[in-house]
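Reader: I'd like a close look at one part of this chain, the place where two of its helices pack together. Could you walk me through that contact and then show me how the rest of the chain fits around it?

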Amino acid sequence: MTAGLPFGVGSVVQLAEQHYCYGLGTLTLRIVEVGRRVRHTDGLWINVRGVQLESPPRQRRILARLDAIQTQPVPIPVTHIPVRPGWDCAGCGAAWPCPDHRRRLLDRYAGKPAALGIYLSTQMTAAVPDLRHLPPEELYERFLGWLQLA
């Protein structure tokens with residue numbers, strides 16, 4: 001848990017629509033980063049980044065009313081999607097695409113290696129600005145080098 005908070009990185013939390021900014025409906029989120037707290041006239045709010053655990057899962061950055069965040073006691077299945085800007089897996093913390101996600105991609109794109117290559121090339125292109133400190137060869141190996149295109 002994070003400095004006096006009942007939740008932290010890895011926690012699954014739920015928020016009703018009226019208790020967070022930048023979205024609609026009830027939100028269920030696996031936290032990947034806890035930001036700074038902000039005092040407003042209606043109470044203490046906190047910046048949180050996480051993976052929305054709905055279909056399709058996606059990364060979200062929200063401002064939430066601190067006293068309205070409810071932790072979820074039941075673990076929700078791990079989602080292997082990239083968390084920017086580091087491009088680590090939200091589910092296991094490995095460099096994305098992680099081994100588990102690679103297996104899932106191979107199953108999903110079975111018989112369509114060119115489509116998988118295009119998808120991963122698109123992901124690599126999106127990652128380049130965030131991972132510009134990595135050599136191009138390393139980016140290629142991470143995103144495309146593991147493919148067996150024939």
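**The helix pair and its surroundings**

Author: Let's start with the crossing itself: α2 goes past α3 in a right-handed crossing. Keep in mind that this is a predicted model. When two helices pack, the usual description is the angle between their axes plus the distance between those axes. Here the angle between α2 (residues 113-127) and α3 (residues 136-145) is about 145 degrees, and the axes are 9 Å apart.

Now for the residues that do the touching. On the α2 side they are G117, L120, S121, Q123, M124 and A127, and α3 answers with L139, Y140, F143 and L144. Sort the residues of this contact by character and you get seven nonpolar, three polar and no charged.

Next, the core. In soluble globular proteins, nonpolar side chains tend to be buried together. The largest nonpolar core in this chain has 17 residues, and L116, L120, L131 and F143 have the most contacts inside it. Two of those names should ring a bell, since L120 and F143 also sit in the helix contact. Both α2 and α3 give two or more residues to this core, and α2 supplies its largest share, four residues.

L116 is a good one to click on. Leaving out residues up to four places away in sequence, L116 touches L105, L106, Y109, W146 and L147. There is also a second, separate core of 16 residues, with L15, Y20, I46 and L66 among its members.

Zooming out, the chain has three helices and seven strands, and the order along the sequence is β-β-β-β-β-β-β-α-α-α. Its C-alpha atoms fill a box of roughly 60 × 30 × 25 Å along the principal axes. Of the 150 residues, 39% count as buried. The chain exposes about 8700 Å², with carbon and sulfur atoms supplying 56% of that area. As for contacts between residues at least 6 apart in sequence, 44% join residues at least 24 apart.

G10 gives you one example of residues far apart in sequence coming together in space. G10 and A90 are separated by 80 residues in sequence, yet their C-alpha atoms are 8.7 Å apart. You'll find G10 in the segment before β1 (12-15), where it touches R30 and I31, again not counting residues up to four places away in sequence. G10 counts as partly exposed because its relative accessibility is 37%, and the cut-off for buried is under 20%.

Finally, a few backbone details to look at on the way from the strands to the helices. The loop between β6 (82-83) and β7 (88-89) holds P85, and the peptide bond from R84 to P85 is cis, with omega near 15 degrees. That loop between β6 and β7 is also home to W87. W87 has a positive phi, near 60 degrees, in a residue other than glycine. W87 counts as buried because its relative accessible area is 2%. Carry on to the loop between β7 and α1 (99-108) and you reach P97. The peptide bond from W96 to P97 is cis too, with omega near 0 degrees.

Conventions: Residues are numbered from 1 along each chain as its sequence is written. This is a predicted model: local features need pLDDT of at least 70, side-chain atom pairs count only at pLDDT 80 or more; totals for chains, interfaces and linings use all residues. Side-chain values use heavy atoms; hydrogens and water are left out. Axes are lines fitted to C-alpha atoms, for helices over the stretch in contact, and angles run from 0 to 180 degrees between N-to-C directions. A crossing is left-handed if the near helix is turned anticlockwise from the far one by less than a right angle, and right-handed if clockwise. Contact means heavy atoms within 4.5 Å. Ala, Val, Leu, Ile, Met, Phe, Trp, Tyr, Cys and Pro count as nonpolar, Asp, Glu, Lys and Arg as charged, and the others, Gly among them, as polar. A nonpolar core is a set of buried Ala, Val, Leu, Ile, Met, Phe, Trp, Tyr and Cys residues joined through side-chain atoms within 4.5 Å. Buried means under 20% relative accessible area, exposed over 50%, partly exposed in between (1.4 Å probe, protein chains only). Accessible areas come from the Shrake-Rupley method with a 1.4 Å probe; for residues, only the protein chains shown count as cover.
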